[in-house]
Amino acid sequence: MILTGLFDMMMRLIRAPEDGGATFWMPPQSSTIAGEVDWLFNFILGISVFFFVLIVVVMLVFVVKYRRREGWETAPASTSHNTLLELTWTGIPVALVVVIFFFGFKSYLNMSTPPANAYEIQVSGQKWNWSFTYPNGYVDQNLHVPADRPVELLMTSVDVIHSFYVPAFRVKMDVVPGRYTKAWFEATMPGEYNIFCAEYCGTGHSDMSAMVIVHPSGEFGPWLEKASNFLLTMTPVEGGRKLYEIRGCQQCHSVDGGARTGPTFFKLFGKDESLTDGLTVTVDENYIRESLLEPNAKVVAGFEAVMPTYQGRLKDDEIAALIAYIKSLDGKTGEE
Amino acid sequence: MAEGHSAVVTPMSGGASGENYLTTGKGPLSWLFTLDHKRISVMYMVCILGSFLLGGVFALLIRTELWAPGATIMTADTYNKMFTLHGAVMIFLFIIPGIPAALGNFVLPLMLGAKDVALPRLNLLSFWCWLAGATVCLVSIVVGAVDTGWTFYTPYSTTTSTAVVSMTLGAFILGFSSIFTGLNFIVTIHTMRPEGMTWFKMPLFLWSLYSTAIIQVLATPVLGITLLLLIAERTLGVGIFDPALGGDPVLYQHFFWFYSHPAVYIMILPAMGIISELVSVFSGKHIFGYKFIAWSSIAIAVFSFLVWGHHMFTSGQSGLVNMIFSALTFSVAIPSAVKVFNWLATMYKGAINLAAPMLYVLSFLFLFAIGGLTGLFLGSLSVNIHLHDTYFVVAHFHYVMFGGTVIAFLGGIHYWWPKMFGRMYSEFWARISAALIFVGFNLTFFTQFVMGSHGMPRRYYNYLEVFKPYHQASTVGSYILGVAFMIMAYYLLHSLVRGEKAPENPWGGATLEWATASPPIATNFEHEMVGLDPYDIDSLKFDRQTGNYVRKDPGSIFLKPIGDE
Amino acid sequence: MAGSHFTGHNPDLAHHFENLDQQRQSSRLGMWLFLVTEILFFGGLFCAYVVYRVNHPEVFIFGHHFLDKSLGALNTVVLICSSLTMAWAVRAAQLKQRAILQLMLVLSFVLAGTFLGVKYVEYSHKWHHGLLWASRYAPDAHILAEAGVEVAEAHGEEAVSESIEGVPGDEIGLAVEALPVDEVLPETLLENAADSEISKIAPAAVGPAGLVTPEARAAAEAERNAVIVNPANAKTFFSVYFLMTGLHGIHVILGMIAMLWLLKLTRQGVFDGGHYTKVDNIALYWHVVDLIWIYLFLLMYLID
């Protein structure tokens, strides 16, 4: 039984795994640089197989041809050096590795220089999941990208070192806490591909996976639009809360009464705030809306006028959702 | 021993007094406090093989766990500890001290015709450091083990709750053991060579030990300070590596690999030295290209310090740095290739004796060729990006470390076993186990190349269903390896009790260790020795009666009996 | 076993050497190699120093104000003197002058002890004022003012509240921008300080030009300047300082132990025969320890 199992395994080893486009050695080529990498891989493979076969065949021939015969007693004196031969088998490998190095470096330059028009997505790694932030502020647990358009990833980690790895794209880059690293790719085939964490990060290291979903060109925009419009499927309070989390509000405004760069949202609605110019304002729907669109018009005393405007970055229904969320933070509704 | 000096013995029948280093002095204390390099070597051998067993058990547990995706026999946390301990034990306790401390210690003074290493007390201190370091590591394993991977990357290692401090402290102490051995070998080779042995009349094993020792002395202190900083980071919070305190986690990687890449050559260089000895002796022929092999060892030692950055191509370091490290990495390939070609040329027109040690040489050539050639894939920048931190890397370094170093170590053990213990082992079982190791090894690790290039990351507890057949083949291979090593343990131990008595020179080696008794007397030689060409195999003749190789001109390597003024 | 191991005619010659010259060469070469490993050991730290110095020069310029140059100079003189006495000890051993050898070893030991004493004064001063390595770095207002940190001149004295849990003092100091201690610290500023800890990613909060008031921009500017005066990573300087001087201190202690050992051997008359290799080796070690200190003094105390 073990034997049949082994045989079955060997057969499966020889066959390629069952996903489309994969070869014995490599996963499918789904990005523009994959072909280049695979070409070099196969080039080195060719050289390696040649030298490996050469070494093993020569060795086996010698073993058979020059095996020690019965009655052998002593060795005859023999040549023990040949400088020309030495220089030959030093020179040929030198030439070959120079070639290999050159090709490796050339395709590396291509893979490490993102095109200027790349679509930028921010990646954050943490034990043990990924989050991907799109330019409009939408955050997803999987990476959705358009096909045939360069995508640049700006990556950082909030805890330990991770490494972003998509085998089908031949892309890998460490994700390091305290600094940003970049990677880019241009997907060529719509479909779903695995993202792995390649740098060991603890208990859930092997489960720190996600998918890249490559949308056919033209379908990515509508997808993002739809995904970002979660307000249609959520209550205004829930939607507002999600906006608060993904659109940068929580960087400066707490919801538990603690102070950050801006006033807390906790029990904010309906409160009388004194302003830097000495006047007083009651926080109502209009004041919140004004503060989003013209943040520095009425700044609460004790705070700096540093908030950026959300004019053109928040739609009316989003503003309404945020207002609903801030209203809910009255310490009674059950929301924080 | 005094009798040994005065006894008149014919040159080729040393040890007539019946005493040898194993019988001179009795009781455990005579071992633990011995200054005799041979006894220290035997103690090292026992401890190192014990560590190999421990690391092997961890390996089998890992392979068993990977039989199927998800939980098979242990939790993810246990698995993480298992692969960390496998790596740490195999590297720090087994393979770094392995050949130099166990075989080198025994053979080096003998090859020099010397009575001991230059600094015997330091040699003993080195062994005690090993014992102390190993004890600390074992304590660490018992109190909860480590789950960082043997590389202890920050900031994971500064934040995990496992016993990182004791494990790194153990590795720190083991570093001293390694430094002392290397320092001792350099001094010994410089000051203790016999009359006639110029640098280029040294056996190649000594050249490789010398190159290794240079790396040990120059690189290990950097590991020491790195581990010390890591300990300070964890206990005091000095913030050198921890980004939360303003440190730089990637700096740790630079420090770590500045040692740990040269350490790879601490492992492989002595192995290459053994192969150089064996291939000449078992081909019954002078080594080919002596000077090229000798210089290539030195070249490897030098280059080894310049390539550490190739472990960090994906760490975000600049493209220029990556380019330089990639180019330098390829330069290391050349001296290794030169050695392989010279070994093959040595076999040409030889009289190849397929005894067990030679089977290991052939195994080595096959496996090291794969290990070395797959290094080309990893040295190449763009391919490395894809393969980095996958099973391809795991397979590559196992082909070099196991297929290279361990196989050569086994070859060396089988070669010098008769000299060390004066007994022959069962040739039949030795060949069986050599063949099983070859098959089991390839099944275990070749599959991992394929998995790796398909994108299976290393250190994974759980994996995609598509990789299952590869993992299962690999696991079956590891069991075959386990069986092969059990066979080996059996026939080697058996030979100690029941083995045939070994002659002085059963294989036909022309180096000086074969010109004294098996096992040697406590002071090694009855005579002061002369260093002749160590590969002058044609100066020997096989004596069918005794199964021994004898010199055609017996007096040629003896200067005068020791003790004559 | 050990007894039978040394059966040579000359009691100073170990059995496995052919002559004294070979023995001396061996131990000399061994010592030099050991010193190479010592240099590399410290080399790792010097590397870390260079990396951080290049990346954050302001940290080192800021930090070195807190080191007492005169105490450092005193210690340099002390160590150089001890090197001299050790060299003299070697000479005495060569000339078989037991009394002088003994005196020199005692002097070297005393000088080494003096060095450690001065070091203790420096350390305790830093300990007292919270100038410690990263995780315990919490300098008090007094020491910052004393060091003449520009922050103090520009805005009055630094006020650091240690009452906020989990926030390292310097981060507070950074954001608070130093108000006179006798003034009540406005709460809002303290809150701002806490905020800088919560958000690790710098807020992309610079809106379109028209919306940021000139005052706000000036405030941001002032904050940036303050960063240079009292850098956020000043603690790294003290980490490096304590690691390097601490490790050096351990080497000084080891050297003192070795001196005591030599002293014992001297009194037993081991060096009466002129076999001074052991003294020579320890002296070599001591010179290296001395040399490392000189580099430390230059790099930590003096360089601006």
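**Figure 1. D389(B), a buried residue in a loop of chain B.** In this predicted model, D389(B) has a relative accessibility of 9%, so it counts as buried, the cut-off being under 20%. To find D389(B), look in the loop between α13 (381–387) and α14 (391–421) of chain B. The backbone deserves a glance too: the phi of D389(B) is positive, about 60 degrees, although the residue is not a glycine. For readers new to such angles, most residues other than glycine have a negative phi.

**Figure 2. K349(B), an exposed residue with a positive phi.** Here we move to the loop between α11 and α12 (356–379) of chain B, where K349(B) lies. Phi of K349(B) is near 60 degrees, a positive value, and the residue is something other than glycine. Is K349(B) buried or exposed? With a relative accessible area of 56%, K349(B) lies over the 50% cut-off and is therefore exposed. D389(B), by comparison, counts as buried.

**Figure 3. S280(B) and the residues around it.** This view takes us to helix α9 of chain B, which covers residues 249–282 and holds S280(B). The relative accessibility of S280(B) is 0%, so this serine counts as buried. Which residues are in contact with S280(B), leaving aside its neighbours within four places in sequence? Three of them are K285(B), H286(B) and I287(B). The others on the list are T346(B), Y535(B) and I537(B). One of these partners, T346(B), can be traced to helix α11, whose residues are 319–347.

**Figure 4. Where chain B meets chain A.** The contact draws on 102 residues from chain B and 82 residues from chain A. Together the two chains bury about 7,900 Å² between them, and 70% of that area is on carbon and sulfur atoms. How many residue pairs are in polar contact across this interface? There are 26 such pairs, with both residues at pLDDT 80 or more. On the side of chain B that touches chain A, helix α11 (residues 319–347) gives the most, with 15 residues. The residues on that side of chain B divide into 59 nonpolar, 31 polar and 12 charged.

**Figure 5. The salt bridge between chain B and chain A.** Across this interface, the rule finds one salt bridge. Its partners are D248(B) and R179(A), and their closest N and O atoms are 2.9 Å apart.

**Figure 6. Two cis peptide bonds, in chain A and chain B.** As background for this pair of views, most peptide bonds are trans. In chain A, the bond from K127(A) to W128(A) is cis, with omega near -15 degrees. W128(A) has its place in the loop between β1 (119–126) and β2 (129–133) of chain A. In chain B, a cis peptide bond joins T154(B) to P155(B), and its omega is about -5 degrees. P155(B) belongs to the loop between α5 (120–142) and α6 (156–159) of chain B.

**Figure 7. Helix α5 of chain A and its packing partners.** This helix runs over residues 236–246 of chain A, and its buried residues are G239(A), G240(A), L243(A), Y244(A) and I246(A). What do the buried residues of α5(A) pack against? Their partners are β3 (139–140) and α7 (316–328) of chain A. After α5(A) comes G248(A), which has a positive phi near 95 degrees. For the wider setting, chain A has seven helices and 12 strands. Of its 336 residues, 49% count as buried.

**Figure 8. The helices of chain C.** Chain C has 12 helices and zero strands, so a walk from the N terminus meets one helix after another. Buried residues make up 48% of the 304 residues in this chain. Among contacts in chain C between residues at least 6 apart in sequence, 73% join residues at least 24 apart.

**Figure 9. Confidence along chain B.** The average pLDDT of chain B is 91, and 96% of the residues score at least 70. Where does pLDDT stay under 50? This happens over residues 1–16 of chain B, for which the model has 20 contacts beyond four places in sequence.

Note on methods
Residues numbered from 1 in each chain as written. Chains lettered and ligands numbered in written order. Predicted model: local features only at pLDDT ≥ 70, side-chain atom pairs only at ≥ 80, totals over all residues. Heavy atoms only, no water. Contact = heavy atoms within 4.5 Å. Buried area = accessible area lost by both parts, 1.4 Å probe. Salt bridge = Lys/Arg side-chain N within 4 Å of Asp/Glu carboxyl O. Polar contact = N/O pair within 3.5 Å; in protein donor to acceptor, adjacent residues only side chain to side chain. Helix = DSSP H or I, 4+ residues; strand = E, 2+ residues; numbered from the N terminus. Nonpolar A, V, L, I, M, F, W, Y, C, P; charged D, E, K, R; others polar. Buried < 20%, exposed > 50% of the residue type's maximum accessible area, 1.4 Å probe, protein only. pLDDT = per-residue confidence, 0-100.
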